[in-house]
Amino acid sequence: MSYTRVELEVVLADELKLAWTQDDSPSGSYTKRGLIWGYTEGWTLPQLIGLARRIVAECDADSGELPVLLAEYDKGGGVGAPVKNLIFAANGPKPELVLRDAVSNDIEIVKNGQHCLVYDQPLPAAGLTFGHLIEWWRAREGLEDQDDLTVGRSLHRRLIASLDGNEAEQLIFNVYSQRYGTYGFDIPALIPQVYLHYDPYTLRQRGTAIGPLARQRMDFLLLFSDRQRVVIELDGKQHYADGLGKADPSRYAEMMAEDRRLRLAGYEVYRFGGQELVGGGAKAMVGAFFDALQERMG
């Protein structure tokens with residue numbers, strides 16, 4: 001509130017890089033309140049929360065009412081810890097990781113890094129959209145002269161390559177990808193094969209005394225905001241049966257225990273049974289699920 005009307009316009013446009021949403025000019029007869037409304041009309045709650053976090057961090061607004069309101073919002077659930085590492089879409093041998101700095105949780109891929117992707121940009125508080133991934137992919141691959149659609153198609157091909165011919169996972173991924181054509185690139189990106197845990201041992205090295213981590217990778221992750229994280233898993237036979245196809249209660253129990261741990265940490269977990277994705281109605285069913293999820297998450 002200490003900013004003048006002119007100063008506020010500079011902060012919103014130049015420092016926070018907000019896009020003006022109205023037909024006229026922001027330099028018209030707008031009050032400070034009207035100016036903010038003009039930049040944020042139609043925004044969802046996660047977008048507004050993300051802007052609030054940016055203002056606190058970037059505009060030295062760490063005192064006053066705004067941090068108090070954010071703290072009250074954070075009591076409502078979701079994942080409290082920020083995303084520090086996003087390693088995903090491995091299309092080859094498993095990467096080997098080391099913890100380079102345990103204090104800051106700084107990791108380094110020391111082997112097979114060429115087969116996976118690492119999003120190395122700050123993760124926006126308002127969520128990671130496909131548009132964010134396009135900008136990152138454009139810089140990573142040197143595609144500065146390509147438009148968003150061309151870069152997006154290139155990124156899509158690389159992401160789907162990580163699904164290794166799994167038709168059920170490809171169906172989920174392709175149904176969601178069609179939403180970019182309907183809603184644009186500013187919706188949460190469906191990120192495949194995201195590393196959740198890292199187990200440095202092979203089965204032989206681990207032996208029988210120490211059990212494996214229940215889930216090293218998530219099939220898909222959606223970051224609706226810095227707190228709203230949705231995990232999507234596809235359950236094939238390997239989730240509830242042994243190598244001979246016989247029901248394995250202990251394997252199923254490990255999967256359920258890991259789901260509980262994720263939910264208690266604030267994640268939302270949704271599972272598809274492999275049989276659901278067989279037949280002519282599978283695409284419509286997955287599409288209806290994403291419609292309902294989008295409505296629920298705002």
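The protein's secondary structure comes to 10 helices and 8 strands. The model is predicted. Show the whole chain first: 39% of the 298 residues count as buried. Of the contacts between residues at least 6 apart in sequence, 56% join residues at least 24 apart.

**Stop 1: helices α5 and α6**

Select residues 130–141, which form helix α5, and residues 148–161, which form helix α6. The two axes come within 9 Å and cross at roughly 90 degrees. Because angles from 65 to 115 degrees count as roughly perpendicular, α5 is roughly perpendicular to α6.

Now show the side chains where the two helices touch. On α5, pick Phe130, Leu133, Ile134, Glu135, Trp136, Trp137 and Arg138. On α6, the partners are Asp148, Val151, Gly152, Ser154, Leu155 and Arg158. Colour this set by class and the contact of α5 with α6 shows 7 nonpolar, 2 polar and 4 charged residues.

**Stop 2: helices α6 and α7**

Keep α6 on display and add helix α7, residues 167–183. Here the axes are 11 Å apart, and the packing angle is about 160 degrees. Angles over 145 degrees count as roughly antiparallel, so α6 is roughly antiparallel to α7. The crossing of these two helices is right-handed.

Which residues of α6 and α7 make the contact? Select His156, Leu159 and Ile160 on α6, then Gln170, Phe173, Asn174 and Ser177 on α7. By class, the contact of α6 with α7 has 3 nonpolar and 4 polar residues, and no charged ones.

**Stop 3: Gln193**

Go next to strand β5, residues 191–195, and select Gln193 within that strand. Is Gln193 buried or exposed? Its relative accessible area is 6%, so Gln193 is buried, the cut-off being under 20%.

Add Ala90 to the view. Ala90 lies 103 residues from Gln193 along the chain, yet their C-alpha atoms are separated by 6.9 Å.

To see what surrounds Gln193, leave out its neighbours within four places in sequence and show the other residues in contact with Gln193. They are Ile87, Phe88, Ala89, Ser162, Leu163, Glu169, Arg217, Met218 and Asp219.

Finish on Arg217, one of the residues in contact with Gln193. Draw a distance between the two side chains: a polar contact of 3.2 Å joins Gln193 and Arg217.

Notes:
Residues are numbered from 1 along each chain as its sequence is written. This is a predicted model: local features need pLDDT of at least 70, side-chain atom pairs count only at pLDDT 80 or more; totals for chains, interfaces and linings use all residues. Side-chain values use heavy atoms; hydrogens and water are left out. Axes are lines fitted to C-alpha atoms, for helices over the stretch in contact, and angles run from 0 to 180 degrees between N-to-C directions. Helices (H or I, at least four residues) and strands (E, at least two) are DSSP runs, numbered from the N terminus. Angles under 35 degrees count as roughly parallel, over 145 as roughly antiparallel, 65 to 115 as roughly perpendicular and the rest as oblique. Contact means heavy atoms within 4.5 Å. Ala, Val, Leu, Ile, Met, Phe, Trp, Tyr, Cys and Pro count as nonpolar, Asp, Glu, Lys and Arg as charged, and the others, Gly among them, as polar. A crossing is left-handed if the near helix is turned anticlockwise from the far one by less than a right angle, and right-handed if clockwise. Buried means under 20% relative accessible area, exposed over 50%, partly exposed in between (1.4 Å probe, protein chains only). A polar contact is a pair of N or O atoms within 3.5 Å; within protein, one must be able to donate a hydrogen and the other to accept it, and residues adjacent in sequence count only if both atoms are side-chain atoms.
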